[in-house]
Amino acid sequence: MNICAVVMAAGEGRLMKSKHAKVSHMIAGKPMISWVRDALCQAGADEQVYIVGHRQEQVRAILGEDVAFVLQEQQLGTGHAVLQASHFLEGRSGCTIIINGDMPLVTAETLQRLLDRFQQGNFAAVVLTAETSVPHGYGRIIRDSAGNLEAIVEEKDASEAQQEVTEINSGLYCFDTALLLSALGRIGFRKKQQEYYLTDTIEILIRDGYKVAACKADFMQIMGVKDRIQLQKAADLLNRRIVERHMLAGVTIVDPASTWISGDVVIGMDTVILPDCSIEGNTVIGEEAIIGPDTHLHNVRVGDRVQLDHVTARDAEIEEGTVAGPYVQIRPGSLIGPYCKLGNFVEIKNSTIGAYSQLVHQTYVGDADVGENVNFGCGCSTANYDGMNKSRTSIGSHAFIGSNSCLVSPVSVEDNAYVGAGSTITETVPSYSLALARARQTNKDNWVISRGRIRNQRVNP
Ligand code: UD1
């Protein structure tokens, strides 16, 4: 069966109080509308058209070229929105899923259930509904005495008795495409509300004698996002699903409530995630790693058995067995080789660090190529920026950089060279040499006595 989808995303999303399109807000690492698109794709709805209006350029930029767009210049209601997609649907057979763009929690399984019900019952339309104790803001499902769907009544039009109904319209439907087009052409403009209601198509189809059904889903699947409170609730629910998927796949997550994992993250078996971590983007973590506490990764490849404690890393790679932290920052363009050790207050930027190298205390390495088994003492830095330009530093394998040294780039320390502590290096240090670049120490004999500066008595300040 040919499955099309119409996604309504033209509304203003006033309650978000934002300069950004409502459906562009991020949720579990993806814009809200991308969750809807991905679920539709997984359910087989390959031909998708998005109704855009408010801040349409943002929505178009997120979804790209793979889907179609229709502009709804004036937002005259959901019926009017779908009407804009008529020319896209004309001549197509099969069914059309209609969904609000602000439903990021809906899964492909739920869409599949809707499609199955539509096909098996030979219906003209199936409306997805849900029971909720907080129906405020939703259209109410009105059934006849036999339990059949009779109408959908908007809250603002509902009688007191109808407002008591706890079964709500999700805003997600599956229609026979030809019958949808026929009903759409006949919905009237509601003068009082200044809107065309999509829900009026349901009554029109019932009047025409077609079978229409209401199919119940879990409210957690169809919950819409209207404001920032609902945005947070939806993010929480999505995160819970993601975290549980990883736990079922063999990842230990010590504190799910403080662990935020985006939808596309991959984590290997027997890895342990400690509290207060966020793992985002296309991050891939190997097996038996220990991540956290308080570690934040965005687009990072992390090898097997890596340990990261209080680490922030972005657009970087950390190879197997490396141990980093606490308080390490690994910035974009960095590749940390296997079995390295990065200790407290170490920052690496746009650099490669060879296997088994150790930067254990308070060191900055930026725009550098560091070989294998290099040892940095405490407080070293690469001076990679002269105030105008950045340049690179090269450090060969097995080099030793003494504490508190500064390597002024562009500069090279060759394989097996030593840099004495406290040196400021501005010229190449050849292989197997020791570079000392600091003022020579002078001792003044008995200076303390001759100046009367003996400090062996404690004086109260
Ligand atoms: C609609 C349904 C209501 C249902 C609710 C679920 C109608 C008449 N009512 O309510 O029964 O319970 O959805 O959320 O259909 N949109 C457009 N263009 C417009 C108007 C809306 O694209 O002109 C989009 C919005 O961006 C949003 C979606 O349609 O994604 C729903 O709009 P919203 O105003 O939130 O819902 P209602 O029409 O109040």
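**Exercise 1. How do the residues of the shell around the ligand divide into nonpolar, polar and charged?**

Solution. The model is predicted: local features need pLDDT of at least 70, side-chain atom pairs count only at pLDDT 80 or more, and totals for chains, interfaces and linings use all residues. Residues are numbered from 1 along each chain as its sequence is written, and side-chain values use heavy atoms, with hydrogens and water left out.

Step 1. Collect the shell, where a residue is near the ligand if one of its heavy atoms lies within 4 Å of it. There are 20 residues around the ligand, and Gly11, Gln72, Thr78, Glu154 and Asn169 come nearest.

Step 2. Sort them, with Asp, Glu, Lys and Arg as charged and Gly among the polar residues. The shell holds seven nonpolar, eleven polar and two charged residues.

**Exercise 2. Find backbone atoms that lie close to ligand oxygen atoms, then describe the ligand's site.**

Solution.

Step 1. Look for polar contacts (pairs of N or O atoms within 3.5 Å). A backbone N or O atom of Asn169 is 2.6 Å from a ligand oxygen. For Ala10 the corresponding distance is 3.0 Å, and for Leu76 it is 3.3 Å.

Step 2. Take the cover. On its own the ligand has 740 Å² of accessible area (Shrake-Rupley method, 1.4 Å probe), and the protein covers 87% of that area.

Step 3. Assign the site. The ligand takes the space of the largest pocket. A pocket is an open set of points on a 1 Å grid over the protein atoms alone, where a 1.4 Å probe fits, with protein on both sides within 12 Å along at least five of seven lines; a molecule sits in it if more than half of its atoms lie within 2 Å of its grid points.

Step 4. List the elements that give two or more residues to the shell: strand S1 (3-9), helix H3 (78-83) and strand S10 (167-176). Helices (H or I, at least four residues) and strands (E, at least two) are DSSP runs.

**Exercise 3. Locate the salt bridge of Lys226 in the chain.**

Solution.

Step 1. Apply the criterion: a side-chain nitrogen of Lys or Arg within 4 Å of a carboxyl oxygen of Asp or Glu. The whole structure has 18 salt bridges. In one of them, Lys226 meets Asp102 at 2.9 Å, N to O.

Step 2. Place both partners. Lys226 is in the loop between helices H9 (219-222) and H10 (228-248), and Asp102 is in the loop between strand S6 (95-100) and helix H5 (108-121). The pair is 124 residues apart and links distant parts of the chain.

Technical notes:
A polar contact is a pair of N or O atoms within 3.5 Å; within protein, one must be able to donate a hydrogen and the other to accept it, and residues adjacent in sequence count only if both atoms are side-chain atoms. On a 1 Å grid over the protein atoms alone, a cavity is a set of points where a 1.4 Å probe fits but cannot get out, and a pocket is an open set with protein on both sides within 12 Å along at least five of seven lines; lining residues have an atom within 4 Å of a point.
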